[in-house]
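I opened the model and kept short notes as I went. They run from the overall fold down to single residues.

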Amino acid sequence: MSIRTNEELDPNDGPSFTEFAVLASLFAIILLLIPVGVFTFSWPVWLLGLLLFIDLGLLFLVSMTAVFLLRVFFADRRRGRGRTVGVAREPMVISSAQTPEQDASAASVSNEAEPKGDPEDAGGDAA
């Protein structure tokens with residue numbers, strides 16, 4: 001088996017979520033059987049040791065399956081971000097602080113918005 005780096009992950013190549021759920025539930029059941037076997041059923045030590053080693057193997061498989069599924073999930077989410085085809089745009093900067101240039105342009109815009117001439121003529125029927 002070779003180590004593949006910087007390749008797209010194929011979700012069909014690895015385990016499914018159903019396999020993960022089966023392994024995790026089997027791991028949990030055996031993990032709960034060990035103390036029940038010790039305190040309730042008084043099972044022999046060799047059986048409890050065997051269950052413990054089986055559980056350690058299942059823990060390894062569950063963790064590897066979880067890592068694969070997380071890599072597939074986050075690789076799929078990462079695909080939506082990043083550089084797309086086309087020309088890169090200049091990043092937009094949004095700032096709440098205004099520079100003196102912006103203050104002057106805002107004042108000129110507000111002066112242009114005010115009506116010129118007699119205020120009584122602009123209102124029409126203001127009575």
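I read along the sequence first and found the pattern α-α-α-α. My tally of secondary structure was 4 helices and 0 strands. Helices here are DSSP runs of H or I with at least four residues, strands are runs of E with at least two, and numbering starts at the N terminus.

I noted the ground rules next. This is a predicted model, where local features need pLDDT of at least 70 and side-chain atom pairs count only at pLDDT 80 or more, while totals for chains, interfaces and linings use all residues. Residues are numbered from 1 along each chain as its sequence is written, and side-chain values use heavy atoms, with hydrogens and water left out.

**Overall numbers.** I looked up the accessible surface of the protein, which is about 11,300 Å². Carbon and sulfur atoms hold 63% of that surface. The areas come from the Shrake-Rupley method with a 1.4 Å probe, and for residues only the protein chains shown count as cover. Of the 127 residues, 10% are buried. Buried means under 20% relative accessible area, exposed means over 50%, and partly exposed lies in between. I then checked contacts, meaning heavy atoms within 4.5 Å. Among contacts with a separation of 6 or more, 72% join residues 24 or more positions apart.

**Core.** Which residues make up the largest nonpolar core? I listed 6: Phe27, Ile30, Ile34, Leu51, Leu58 and Val62. Helices α1 (17-41) and α2 each supply at least two residues of this core. Such a core is a set of buried Ala, Val, Leu, Ile, Met, Phe, Trp, Tyr and Cys residues joined through side-chain atoms within 4.5 Å. I followed Val62 outward, skipping residues up to four places away in sequence, and it touches Phe20, Leu23, Ala24 and Phe27.

**Thr65.** I found Thr65 in helix α2. Is Thr65 buried or exposed? Thr65 counts as buried because its relative accessibility is 6%. Leaving aside neighbours within four places in sequence, I see Thr65 in contact with Pro15, Ser16, Phe20 and Leu23.

**Surface patch.** I marked a nonpolar surface patch of about 410 Å², made by Leu52, Phe53, Leu56 and Leu59. Patch residues have over 30% relative accessible area and no salt bridge; like charges are joined within 9 Å, and nonpolar side chains (Val, Leu, Ile, Met, Phe, Trp, Tyr) within 5 Å. A salt bridge is a side-chain nitrogen of Lys or Arg within 4 Å of a carboxyl oxygen of Asp or Glu. Phe53 sits in helix α2 (residues 45-78). Phe53 counts as exposed because its relative accessibility is 62%.

**Aromatic pairs.** I searched the whole structure and got 3 aromatic pairs. Phe41 and Trp43 are stacked, 5.6 Å centre to centre with 20 degrees between the planes. Phe41 is partly exposed at 48%, and Trp43 is partly exposed at 27%. Phe73 and Phe74 are edge-to-face, 5.0 Å centre to centre with 75 degrees between the planes. Phe73 is partly exposed at 43%, and Phe74 is partly exposed at 45%. Rings of Phe, Tyr and Trp (its six-membered ring) pair if their centres lie within 6.5 Å; planes under 30 degrees apart count as stacked, over 60 as edge-to-face and the rest as tilted.

**Loop.** I stopped last at Ser42, in the loop between α1 and α2. Ser42 is not a glycine, yet has a positive phi of about 55 degrees. Ser42 is exposed, with a relative accessible area of 58%.

Conventions. Buried < 20%, exposed > 50% of the residue type's maximum accessible area, 1.4 Å probe, protein only.
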